Amino acid sequence: GGGGDGGDGGCGGAAVGILFSGGIDSMVLARLADLELPPGQPIDLLTVAFGASPDEAPDRLTARNGLSELSSLSARRWRLVEVDVSFPMLQRRREQLEALLAPARTVMDLNIGAALWFAARGVGRLCERAPPPRASRHCRYADEPPGASGGRGCGRRDRRRRRQPAVRSEDEIGALRAERAARRQRAAANAHPPPATTTA
C-alpha cells in the first residue's frame with residue numbers, strides 16, 4: 001500500500017492480516033487462521049509501534065518473537081509488517097481519529113483506535129524472517145499510548161478505578177462491547193475508504 005505517511009511495505013498478496021503484538025490473543029488468532037486457510041496463502045502480521053524508537057517497543061519485540069514461534073509451528077509464509085508511527089504522524093491524524101472514535105475520548109480508546117487505523121493501511125517494513133529472540137527491557141503491564149503520563153501515575157488511576165463499584169447488567173456490558181467494537185471498526189475501515197465512483 002501507499003500513502004502520505006510513508007512506508008515501504010504493504011499487504012499485497014495476502015488475503016488475511018492480523019493486528020499482531022505477539023501476545024496470547026494475537027498468537028491464537030494467527031494459529032487459528034493458519035489452520036483454516038489454504039497452505040499456500042500468506043498471512044500478514046501487522047505490528048504497530050509508536051514513538052521515536054519503535055524497534056524498542058515491547059509489542060514490537062514480542063511480535064518478532066511471535067513470528068519466530070509461528071514459523072517453527074507452520075511452514076506457511078508469514079509476513080511481519082512493521083508499522084512505525086512517529087509522534088508527528090500521529091498528531092496529523094489525531095483529529096481524524098478522535099472524530100471516528102467519538103463519543104469515546106479516553107487515552108486508551110485513542111491508543112487502540114490509532115493502532116487499528118495505521119495497521120489497516122498496511123504500510124510498513126516487510127519482514128519474513130524473524131531476528132534472534134530478544135527480551136524487552138520495558139515493563140509489560142502498562143500499555144500506555146503516546147503522550148500519556150508515566151507508569152506510576154497510570155497505576156494510581158487504575159487503583160482508583162478498581163476501588164469504585166463497577167456493577168453492570170449483562171445488557172449494559174453487551175451494549176458497551178458493541179459500541180466499542182463499532183468505533184474501532186470505523187477507525188479501521190476509514191484507513192481504506194472505498195474508491196471514488198464515476199457516473200456517465
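## A first look at the fold

Among contacts in the chain between residues at least 6 apart in sequence, 79% join residues at least 24 apart. Please keep in mind as you read that this is a predicted model.

Let us begin with the chain as a whole. Its secondary structure comes to 6 helices and 4 strands, and from the N terminus on the elements follow the pattern β-α-β-α-β-α-α-β-α-α. Of the 200 residues, 35% count as buried. The accessible surface is about 12300 Å², and carbon and sulfur atoms account for 54% of that area.

**The sheet and the helices on it**

The 4 strands form an open sheet in the order β1-β2-β3-β4, and the pairing is mixed. At the edges lie β1 (16–19) and β4 (125–127), each of which pairs on one side only. On average, neighbouring strands of this sheet are turned by 30 degrees against each other, direction ignored. As a bit of background, strands of a sheet pair through backbone hydrogen bonds, either parallel or antiparallel. Here, β3 (residues 78–85) and β4 run antiparallel and are joined by 3 bridges. To find this spot in the structure, look for valine 81, which stands opposite leucine 126 in β4.

Two helices that pack on the sheet come next. Helix α1 (residues 24–36) touches β1, β2 (43–50) and β3, and its direction makes about 165 degrees with that of β1. Helix α4 (residues 107–121) also packs on the sheet, touching β1, β2 and β3; its direction makes about 135 degrees with that of β2.

**Helix α2**

Helix α2 covers residues 58–73, which makes 16 residues. From its first C-alpha to its last it reaches 23 Å, close to the 22 Å expected at 1.5 Å a residue. Which elements do the buried residues of α2 pack against? They pack against α1, β2, β3 and β4. Among these buried residues are Leu61, Ala63, Leu67 and Leu70, and also Arg60 and Arg64.

**Charged pairs**

Side chains of opposite charge can pair when their charged atoms come close. A search of the whole structure finds 14 salt bridges, including the three in this table.

| Salt bridge | Closest N to O distance |
|---|---|
| Arginine 31 and aspartate 34 | 2.4 Å |
| Aspartate 55 and arginine 64 | 2.9 Å |
| Glutamate 98 and arginine 105 | 3.8 Å |

Take the pair in helix α1 to start with. Arginine 31 and aspartate 34 are 3 residues apart there, about one turn of the helix. An α-helix has 3.6 residues a turn, so residues three or four places apart point the same way. Is aspartate 34 buried or exposed? Aspartate 34 has a relative accessible area of 8%, so it counts as buried, the cut-off being under 20%. Arginine 31, with 30%, is partly exposed.

The second pair also brings together a buried and a partly exposed residue: arginine 64 is buried at 14% relative accessibility, while aspartate 55 is partly exposed at 32%. Both belong to a network of salt bridges that links Asp55, Arg60, Arg64, Glu82, Asp84 and Arg125.

In the third pair, glutamate 98 is partly exposed, with a relative accessible area of 23%. Its partner arginine 105 reaches 65%, so it counts as exposed, for which the area has to be over 50%.

Conventions
Residues numbered from 1 in each chain as written. Predicted model: local features only at pLDDT ≥ 70, side-chain atom pairs only at ≥ 80, totals over all residues. Heavy atoms only, no water. Pairing = 2+ DSSP bridges. Axes fitted to C-alpha atoms, helices over the stretch in contact; angles between N-to-C directions. Contact = heavy atoms within 4.5 Å. Expected span 1.5 Å × (residues − 1). Buried < 20%, exposed > 50% of the residue type's maximum accessible area, 1.4 Å probe, protein only. Salt bridge = Lys/Arg side-chain N within 4 Å of Asp/Glu carboxyl O. Areas by Shrake-Rupley, 256 points an atom, 1.4 Å probe, with all protein chains shown as cover.
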